[in-house]
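Reader: I would like to learn how to read a structure like this one. Could you take me through it step by step?

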Amino acid sequence: MRNPSRRRPMHTAVLNALVLSVSVVFLSGCMAAPAPPVPATPVAVASPEPTVTPPVFASNDEALAAATAAFGEYQSMSNTIAHEGGADPERISDFAVGKVLESDLETYAEFRAGGLRMVGDLAFDSFSIQSADLFSGAVTAYVCQDVRETDVVDLGGTTVIAPGRPDSYPLQVSLTHAATSNRLLVEKSDLWSGKNFC
């Protein structure tokens with residue numbers, strides 16, 4: 001497992017202040033000459049303290065716990081939508097973005113078009129951090145996706161799963177931190193091309 005980068009983003013605050021004040025006094029009368037302008041003493045303006053953005057996670061353990069919980073919530077909603085034949089697919093957008101969201105919406109559309117539904121629940125029996133950026137909240141993890149208890153059936157209850165399907169799949173999953181909701185969302189889920197760790 002690769003240690004995450006702990007580079008702190010550079011934060012700079014630059015403030016340029018210029019105060020010009022000129023007082024001109026004119027004396028009226030035929031014998032009086034105009035007084036020369038008196039320059040004001042520049043006023044020093046204090047620069048604000050640089051704003052330091054705190055990290056999203058305090059440690060790898062905290063990032064792991066948050067990522068595991070977020071992936072579990074995503075998978076739970078994915079199971080629900082698949083059980084219901086792809087109905088109300090937009091519900092998954094609370095848990096996924098990017099490529100995963102696009103792929104899931106396409107899958108649910110195929111379920112609806114083909115009268116398909118999933119039986120049983122997808123699960124995962126391992127979840128480990130590959131990398132975590134504690135400041136941005138981005139997490140990449142290795143996940144062992146367990147499909148043993150699932151089937152996809154048509155309207156007649158006949159399976160559409162090809163024989164010989166593996167019991168599990170090694171995945172590399174990326175999650176991104178959504179600042180507005182302060183939660184992790186599943187962004188990528190790719191089949192791991194290296195040694196099978198499941």
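Author: Gladly, let us begin with burial. Of the 198 residues in the protein, 28% are buried; the word means under 20% relative accessible area, while exposed means over 50% and partly exposed lies in between (1.4 Å probe, protein chains only). This is a predicted model, in which local features need pLDDT of at least 70 and side-chain atom pairs count only at pLDDT 80 or more, whereas totals for chains, interfaces and linings use all residues. Residues are numbered from 1 along each chain as its sequence is written, and side-chain values use heavy atoms, with hydrogens and water left out.

Reader: How much surface does the protein expose, and what share do carbon and sulfur atoms supply?

Author: Accessible areas come from the Shrake-Rupley method with a 1.4 Å probe, and for residues only the protein chains shown count as cover. Here about 12800 Å² is exposed, with 56% of it supplied by carbon and sulfur atoms.

Reader: How many helices and strands does the protein have?

Author: Helices (H or I, at least four residues) and strands (E, at least two) are DSSP runs, numbered from the N terminus. In this protein there are two helices and eight strands. Along the sequence they follow the pattern β-β-α-α-β-β-β-β-β-β.

Reader: Which strands form the open sheet, and in what order?

Author: Two strands pair if DSSP finds at least two bridges between them. Four strands make up an open sheet here, in the order E4-E5-E7-E8, with antiparallel pairing. Its edge strands are E4 and E8, each of which pairs on one side only. On average, neighbouring strands of this sheet are turned by 30° against each other, direction ignored. As background, side chains in a regular strand alternate between the two faces of the sheet.

Reader: Where can I see the pairing residue by residue?

Author: Try E4 and E5, which pair in the antiparallel sense over eight bridges. Ala132 stands opposite Val139 in E5. The hairpin of these two strands has six residues between them, and there Gly137 takes a positive phi near 90°. E5 also pairs with strand E7 (residues 168–178), again in the antiparallel sense, over eight bridges. Look for Tyr142, whose bridge partner in E7 is Gln172. Helix H1 packs on the sheet, where H1 touches E4, E5, E7 and E8, and the direction of H1 makes about 140° with that of E4. For such angles, axes are lines fitted to C-alpha atoms, for helices over the stretch in contact, and angles run from 0 to 180 degrees between N-to-C directions.

Reader: How many salt bridges does the structure hold?

Author: A salt bridge is a side-chain nitrogen of Lys or Arg within 4 Å of a carboxyl oxygen of Asp or Glu. The structure holds four of them. One joins Arg183 to Glu73, with the closest N and O atoms 3.1 Å apart. Arg183 lies in strand E8 (residues 183–191) and Glu73 in helix H1 (residues 60–83), so this pair ties together parts that are 110 residues apart in sequence. Arg183 counts as partly exposed at 28% relative accessibility, and Glu73 also counts as partly exposed, at 40%.

Reader: Which residues are linked in a network of salt bridges?

Author: The network links Asp125, Asp146 and Arg148. Between Arg148 and Asp146, the closest N and O atoms are 2.6 Å apart. Between Arg148 and Asp125, they are 4.0 Å apart. Arg148 sits in the loop between strand E5 (139–146) and strand E6 (151–153), and Asp125 in strand E4 (residues 123–132), so their pair ties together parts that are 23 residues apart in sequence. Arg148 is partly exposed at 49%, as is Asp125 at 48%, whereas Asp146 counts as buried at 11% relative accessibility.

Reader: What does Asp146 touch?

Author: Contact means heavy atoms within 4.5 Å. Not counting residues up to four places away in sequence, Asp146 touches Leu122, Ala123, Phe124, Asp125, Asp167 and Ser168. The C-alpha atoms of Asp146 and Asp125 are separated by 6.7 Å, though these residues are 21 apart along the chain. For the protein as a whole, among contacts between residues at least 6 apart in sequence, 58% join residues at least 24 apart.

Reader: Which side chain of opposite charge is nearest to Asp104?

Author: For charge, Lys and Arg count as positive and Asp and Glu as negative, while His and the chain ends are not counted. The nearest such side chain is Arg112, 11 Å away; Asp104 is buried yet has no salt bridge. You will find Asp104 in helix H2 (residues 98–114). Asp104 touches Tyr74 and Ile92, not counting residues up to four places away in sequence.
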